[in-house]
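Hi,

Here is the model I promised to pass on. Have a look at it first, and then read on for what turned up.

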Amino acid sequence: METNRQKKIGGVLQQDLAEILQNHLRDSGIKGVLISVSKVKVTTDLSIAKAYLSVFPSKNAEGILYDLNEIKYKIKHELAQRTKNQLRRMPDLDFFIDDSLEYIDKIEKSMKGEDNPITKPDLLDKRKKS
């Protein structure tokens, strides 16, 4: 269970991180890709922040995740500059792909088709845990 402090810090990081990532995409010249930060979870000791990203189109997700992990230190520095009056210490960043929208879309497609996943639960893949 997250404390109020963890939720507040996660919210601040989520908002600033979304702006930083959008600016990074624009500056690097990548077009036709949208990144949104769906959730930021902060550990209880406030040392690690796990950022869950939604990438559209999803075929570019792995490549963008790799690129973000390469420049993670730059993103952390810019994020620290933005939150220097709110946080004493900037947590380390870990990026993950949020696949919940794809999972929901897959369920909807299955429900509209002939095969019903309610009657045949083996049709849908098990959701990945992160």
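Let me start in a loop: P57 is found between β2 and α2. The peptide bond leading into P57 from F56 is cis, with omega near -5°. As a general point, most peptide bonds are trans, and most residues other than glycine have a negative phi.

Before I go further, some housekeeping. This is a predicted model, where local features need pLDDT of at least 70 and side-chain atom pairs count only at pLDDT 80 or more, while totals for chains, interfaces and linings use all residues. Residues are numbered from 1 along each chain as its sequence is written, and side-chain values use heavy atoms, with hydrogens and water left out.

On confidence, the chain averages a pLDDT of 85 (the predictor's confidence in each residue, from 0 to 100). A score of at least 70 is reached by 92% of the residues. Helix α3 (residues 72-82) comes out highest, at a mean of 93, and helix α4 (residues 100-112) lowest, at 77.

**Overall layout**

The chain has 4 helices and 3 strands. Both kinds of element are DSSP runs numbered from the N terminus: H or I of at least four residues for helices, E of at least two for strands. Reading from the N terminus, their order is α-β-β-α-α-β-α. The C-alpha atoms fill a box of roughly 55 × 40 × 20 Å, taken along the principal axes. Of the 130 residues, 32% count as buried (under 20% relative accessible area; exposed is over 50% and partly exposed is in between, with a 1.4 Å probe and protein chains only). Taking contacts (heavy atoms within 4.5 Å) with a separation of 6 or more, 57% come from residues 24 or more positions apart.

**The sheet**

The 3 strands make an open sheet in the order β1-β2-β3, with mixed pairing. Strands count as paired if DSSP finds at least two bridges between them. β1 (34-42) and β3 are the edge strands, each pairing on one side only. From one strand to the next, the twist averages 30°.

Two pairings make up that mix. β1 and β2 run antiparallel and are joined by 8 bridges, with L34 standing opposite F56 in β2. β2 and β3 pair in the parallel sense over 6 bridges, and there A51 has F95 in β3 as its bridge partner.

Helix α1 (residues 4-28) packs on this sheet and touches β1, β2 and β3. The direction of α1 makes about 155° with that of β1 (axes are lines fitted to C-alpha atoms, for helices over the stretch in contact, and angles run from 0 to 180 degrees between N-to-C directions).

**More on α1**

Does α1 come out at the expected span or away from it? The 25 residues of α1 should span 36 Å at 1.5 Å a residue (1.5 Å times one less than the number of residues), and its end C-alpha atoms are 36 Å apart, so the two agree. Buried residues in α1 include I9, L13, L17 and L21. Among the elements covering the buried residues of α1 are β1, β2, β3, α3 and α2 (61-70). Right after α1 comes G29, with a positive phi near 85°.

**The hairpin turn**

β1 and β2 form a hairpin with 5 residues between them. L46 in that turn has a phi near 60°, which is positive in a residue other than glycine. Is L46 buried or exposed? L46 counts as buried because its relative accessibility is 19%. T44 lies in the loop between β1 and β2 too, but T44 is exposed, with a relative accessible area of 69%.

**One aromatic pair**

The structure holds 1 aromatic pair (ring centres of Phe, Tyr or Trp, the last by its six-membered ring, within 6.5 Å). Y52 and F96 form it, at 5.5 Å centre to centre and 25° between the planes, which makes it stacked (under 30 degrees; over 60 is edge-to-face and the rest are tilted). The pair links distant parts of the chain, as Y52 in strand β2 (residues 48-56) and F96 in strand β3 (residues 92-97) are 44 residues apart. Y52 counts as buried at 11% relative accessibility, whereas F96 is partly exposed at 27%.

Cheers
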